[in-house]
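Please open the model in your viewer and keep the sequence panel beside it. The tour below moves from the whole chain to single residues, with a selection suggested at each stop.

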Amino acid sequence: MSNFETFFDYIQKISGKLLSDEDKNLLIAHFKPRKLRKRQYFLQEGDVCKYIAFIVKGSAKTFTVDKKGNEQILKLSVEKWWLTDFESFYLLTPSRFNIEALEELEILQSTNVEIEDFLKQIPAFSAMSNVISQNNTIAAQKRMQAINYSAEERYEELVKNYPHFLQRFPQNMIASYLGLSSETLSRIKKNVL
């Protein structure tokens with residue numbers, strides 16, 4: 001039940017609205033707890049993303065693999081973040097991404113149809129969804145702007161916005177997320193120190 005308490009607190013905090021007991025019972029009935037082992041996939045490229053999941057514990061990466069076999073990390077996710085490929089989830093198209101657990105992962109997952117019902121039936125869930133949508137749009141715009149940043153500026157943005165990533169993820173993953181080589185990231189970190 002503590003997984004759901006974390007989830008309910010998150011919804012209420014983000015939405016600014018309280019969940020009724022009826023709302024909570026509906027969420028408990030339709031968000032299924034699931035555990036993934038380290039390196040287990042939540043989603044693989046080419047599959048349709050059937051679930052959206054709230055991370056209760058652990059971390060994951062969303063990435064693609066280029067023709068040379070190199071990984072490009074697009075997103076690093078931690079507790080109280082959501083896992084899904086929104087395009088695949090809502091349009092029911094094959095995903096272009098992989099989502100893999102980096103640590104043992106505890107999630108609460110639900111389907112597209114259920115999410116649509118929650119949006120209609122639970123005011124706090126709908127308000128939370130709107131806030132998340134706005135935040136995702138802003139984050140995507142910032143990520144696109146960062147393409148034009150120097151390597152140092154990208155690192156500074158990461159330190160400013162996600163300082164906990166530096167302790168949580170290995171340097172090679174941080175470098176991939178920033179679109180840098182590990183050597184370039186090492187050089188930048190030495191210059192900062």
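How many positive and how many negative side chains does the protein have, and how far apart do the centres of the two sets lie? In this predicted model, colouring by charge will pick out 26 positive and 24 negative side chains, and the centres of these two sets lie 4 Å apart.

**The whole chain**

Switch next to a cartoon of the entire protein, in which 9 helices and 8 strands can be traced. Viewed along its principal axes, the set of C-alpha atoms fills a box of roughly 55 × 35 × 30 Å. The radius of gyration is 18 Å, which agrees with the value near 16 Å that a compact globule of 193 residues would have.

If you then turn on a surface, the accessible area comes to about 11,100 Å², and 51% of this belongs to carbon and sulfur atoms. Beneath that surface, buried residues account for 39% of the 193 residues. Contacts across the sequence can be followed as well: of those between residues at least 6 apart, 70% join residues at least 24 apart.

**Helix α1**

Select residues 2-15, which form helix α1. At 1.5 Å a residue, these 14 residues should span 20 Å, and the end C-alpha atoms are indeed 20 Å apart, so the expected and modelled lengths agree.

Now show the side chains of Phe4, Phe7, Phe8, Tyr10, Ile11, Gln12 and Ser15, which are the buried residues of α1. As you look down the axis, it helps to recall that an α-helix has 3.6 residues a turn, so residues three or four places apart point the same way. To see what covers the buried residues of α1, add the elements around them, which include the helices α2 (21-30) and α5 (123-146) together with the strands β1 (32-36), β3 (51-57), β6 (82-83) and β8 (105-111). Just after the helix comes Gly16, where phi is positive, near 75°.

**Two buried residues**

Move on to Ile55 in strand β3. Is Ile55 buried or exposed? Ile55 is buried, because its relative accessible area is 0%, which falls under the 20% cut-off. Leaving aside residues up to four places away in sequence, Ile55 touches Ser77, Val78, Glu79, Lys80, Trp81, Leu83, Leu105, Glu106 and Ile107. A distance label between the C-alpha atoms of Ile55 and Leu108 should read 6.8 Å, although these residues are 53 places apart along the chain.

Then select Ser88, which is in helix α3 (residues 86-91). Ser88 is also buried, with a relative accessible area of 0%. With residues up to four places away in sequence again set aside, the residues that Ser88 touches are Asp47, Val48, Cys49, Thr93, Pro94 and Ser95.

**Two positive phi angles**

Before the last stops, bear in mind that most residues other than glycine have a negative phi. Which value does phi take at Arg39? Phi of Arg39 is near 75°, a positive value in a residue that is not glycine. Arg39 sits in the loop between β1 and β2 (41-43), and is exposed, with a relative accessible area of 59%.

Finish at Leu92, in the loop between α3 and β7 (98-101). Leu92 is not a glycine, yet its phi is positive at about 55°. Leu92 counts as exposed because its relative accessible area is 56%, which is over the 50% cut-off.

Methods. Residues numbered from 1 in each chain as written. Predicted model: local features only at pLDDT ≥ 70, side-chain atom pairs only at ≥ 80, totals over all residues. Heavy atoms only, no water. Helix = DSSP H or I, 4+ residues; strand = E, 2+ residues; numbered from the N terminus. Rg over C-alpha atoms; globule rule 2.2 N^0.38 Å. Buried < 20%, exposed > 50% of the residue type's maximum accessible area, 1.4 Å probe, protein only. Contact = heavy atoms within 4.5 Å. Areas by Shrake-Rupley, 256 points an atom, 1.4 Å probe, with all protein chains shown as cover. Lys, Arg positive; Asp, Glu negative; His and termini not counted. Charge placed at Lys NZ, Arg CZ, Asp CG, Glu CD. Expected span 1.5 Å × (residues − 1).
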